[in-house]
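Reader: I have this model open and would like a close look at a single part of it. Could you take me through how one pair of packed helices meets, and then set that part in the rest of the chain?

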Amino acid sequence: MFDFGIIPPAMFLGMVIFMLYGFPVAFSLAAVGLFFGIIGIATGHFSEAFLQALPLRFFGIVSNDLLLAIPFFTFMGAVLERCGLAEDLLEGTGKLFGGIPGGLAYAVILVGAVLGAITGTVAASVITMGVISLPIMLRYGYSPRLATGVIAASGTITQVIPPSLVLVVLADQLGRSVGDMYLGAIGPSILQVTIFVLFVLVMSIIRPKSMPPLPKEVRGDFNWALLAKVLMGMVPSIVLIFLVLGTIFMGLATPTEAGALGVVGAMLLAEMNRRLTWPLIREAMTSTTHITSMVVMILIGSTCFSLVFQGMDGSRWIEHMLSGIPGGPVGFLIFVNIFIFVLAFFLDFFEIAFIVIPMLAPVASSLGIDLIWFGVLICVNMQTSFMHPPFGFALFYLRSIASKDVKTSDIYMGALPWVGMQIILVAIVIFWPQSVTYWLDHGPKVDPNSIKIEVPGFGGQLGLPPVGGGGNGAPQIPGLNLPPLGLPGAPPPPAK
């Protein structure tokens with residue numbers, strides 16, 4: 001464990017202690033990195049020349065075009081959170097499915113998936129659905145644990161469904177295309193929604209009294225007016241999804257450009273609902289500024305830490321430890337997911353992505369693991385950071401808008417089955433990588449030995465003479481008279 005010195009393990013331990021103590025993450029990472037950098041310079045384990053790269057790394061962060069997608073998607077989600085689209089979707093789909101046991105739960109899952117595909121933020125989805133759906137579900141006899149669990153879990157689907165901010169950050173940290181990350185996340189997204197729906201279906205059969213259908217006078221008649229209302233909420237959402245995701249998948253726009261299109265579409269939807277006001281834009285811009293500033297500061301702090309950590313051979317220490325895990329790639333993935341699941345009790349997904357992923361990615365690559373598969377798998381795992389007690393942010397959001405009649409214990413206990421379903425999806429993605437890689441375009445496979453280059457004037461198939469020309473009947477290139485290419489240490493050619 002100490003083959004690469006004691007400083008890399010000490011750095012890692014120091015980072016954990018600072019995190020547990022509660023210092024701001026960005027400043028903790030920078031302080032730990034610079035402190036151990038000074039120790040390394042004093043003891044001769046670290047060269048101060050590494051620190052000369054810090055200004056260039058800081059400039060690279062603030063000039064990274066890919067990270068521009070974060071403020072665009074955040075602003076889009078903040079506008080959609082306030083424009084009334086979610087209310088129309090929930091009201092229409094709630095009445096559409098309200099006549100069957102668990103109908104409101106189905107509606108929440110469906111709308112959660114749609115909101116995830118157009119907002120990309122967990123807070124917006126959980127708070128919006130909680131404010132609208134939770135009072136209705138409790139009023140008509142839903143179990144508080146089921147109602148709070150399905151709302152929190154449906155909001156966290158946003159983590160996996162493109163255009164998730166988590167996928168953008170992971171793509172940046174893994175050095176992969178955001179479009180490929182989005183394509184890889186399609187399969188797990190569909191699987192997660194399916195697992196949730198099947199759970200509600202089973203519960204509606206086993207315990208129908210915990211999720212009764214809505215009374216006829218509440219849901220109204222199933223007619224064309226109701227279908228039209230649902231479609232009026234769905235069609236603009238589908239158009240916005242195409243503006244954001246369709247343009248990326250078709251290669252018509254980069255993620256940053258697609259985010260800008262999404263902002264324009266969100267503002268048009270707000271105007272259609274007569275909600276586009278200066279206060280709305282100001283609130284959305286304030287929220288976007290806070291989140292973007294937090295991300296940039298964490299990135300700067302993690303850059304200070306990772307630069308010193310790598311300069312101390314910390315990456316080789318991590319690779320040395322994890323490469324010997326029994327079970328090969330599958331054993332490594334199981335260990336990493338258990339490790340991240342535990343870290344998610346204490347750290348936010350941004351912190352995990354910026355601190356832990358750069359350490360694990362080289363090991364995954366050396367084991368032959370597809371980094372798109374690896375990134376999507378980590379994203380699926382980090383869903384649980386919003387759900388498991390006691391620090392799940394989705395549970396905090398729900399607690400803040402739930403009435404006092406809803407016990408905090410019910411919110412926590414109601415979340416446990418849904419965390420279990422998220423862990424089931426993690427296992428599925430580990431043992432069935434095609435759920436991610438099936439959607440990726442790996443391009444045509446070409447045998448390099450079958451490639452022939454034909455150039456006019458060389459008799460069909462290209463045959464170039466040896467460098468220096470001359471000898472063995474090789475064709476000459478007019479005007480080319482280069483000396484023979486000698487190997488280092490070889491005796492000079494005999495003089496003519």
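Author: Happy to. Of the contacts in this predicted model with a separation of 6 or more, 77% are between residues 24 or more positions apart. The chain holds 23 helices and 0 strands, and 48% of its 496 residues count as buried.

Let us settle on helix 2 and helix 15. Helix 2 covers residues 25–43 and helix 15 covers residues 278–311. Their axes come within 7 Å and cross at roughly 20 degrees. An angle under 35 degrees counts as roughly parallel, so helix 2 is roughly parallel to helix 15. The crossing of the two is left-handed.

Who takes part? From helix 2 come A26, F27, L29, A30, V32, G33, F36 and G37. On the side of helix 15 they meet M297, I298, G301, S302, C304, F305 and V308. By class, this contact of helix 2 with helix 15 has 11 nonpolar residues, 4 polar ones and no charged ones.

C304 deserves a second glance. This residue of the contact has a relative accessible area of 5%, and because buried means under 20%, C304 is buried. Another cysteine, C379, counts as buried too, at 1% relative accessibility. As for disulfides, the count for the model is 0.

Now follow the chain out of helix 2. F46 lies in the loop between helix 2 and helix 3, the latter being residues 54–62. With a relative accessible area of 5%, F46 is buried. Setting aside neighbours within four places in sequence, F46 touches G37, G40, I41 and L51, and also L307, V308, G311 and M312. Two of these names are familiar: G37 and V308 also belong to the contact of helix 2 with helix 15. In sequence F46 and V308 are 262 residues apart, yet their C-alpha atoms are 7.9 Å apart in space.

Helix 15 has another long-range pairing to show you. T289 is placed in this helix and, at 44% relative accessibility, counts as partly exposed. Its C-alpha atom is separated by 7.5 Å from that of P71, although their positions lie 218 residues apart along the chain.

For contrast, look at another helix pair. The axes of helix 21 and helix 22 (residues 408–431) come within 10 Å and cross at roughly 145 degrees. This crossing is right-handed. L395, F396, L398 and R399 of helix 21 make the contact with T408, I411, Y412 and A415 of helix 22. Those residues divide into 6 nonpolar, 1 polar and 1 charged.

Just ahead of that pair is a loop worth a stop. Q383 sits between helix 20 (371–382) and helix 21 (393–401). At 0% relative accessibility, Q383 counts as buried. Beyond its neighbours within four places in sequence, Q383 is in contact with T156, I157, Q159, V160, Q192, Q422 and L425.

One last stop is helix 19, residues 357–366, where the buried residues are I357, M359, L360, A361, V363 and A364. Just after helix 19, G368 takes a positive phi of about 80 degrees.

To return to where we began, keep the left-handed crossing of helix 2 and helix 15 in view, then find F46 in the loop that follows helix 2 and trace its contacts to L307, V308, G311 and M312.

Definitions and conventions. Residues numbered from 1 in each chain as written. Predicted model: local features only at pLDDT ≥ 70, side-chain atom pairs only at ≥ 80, totals over all residues. Heavy atoms only, no water. Disulfide = S-S within 2.5 Å. Buried < 20%, exposed > 50% of the residue type's maximum accessible area, 1.4 Å probe, protein only. Axes fitted to C-alpha atoms, helices over the stretch in contact; angles between N-to-C directions. Helix = DSSP H or I, 4+ residues; strand = E, 2+ residues; numbered from the N terminus. Parallel < 35°, antiparallel > 145°, perpendicular 65-115°, else oblique. Left-handed = near helix turned anticlockwise from the far one by under 90°. Contact = heavy atoms within 4.5 Å. Nonpolar A, V, L, I, M, F, W, Y, C, P; charged D, E, K, R; others polar.
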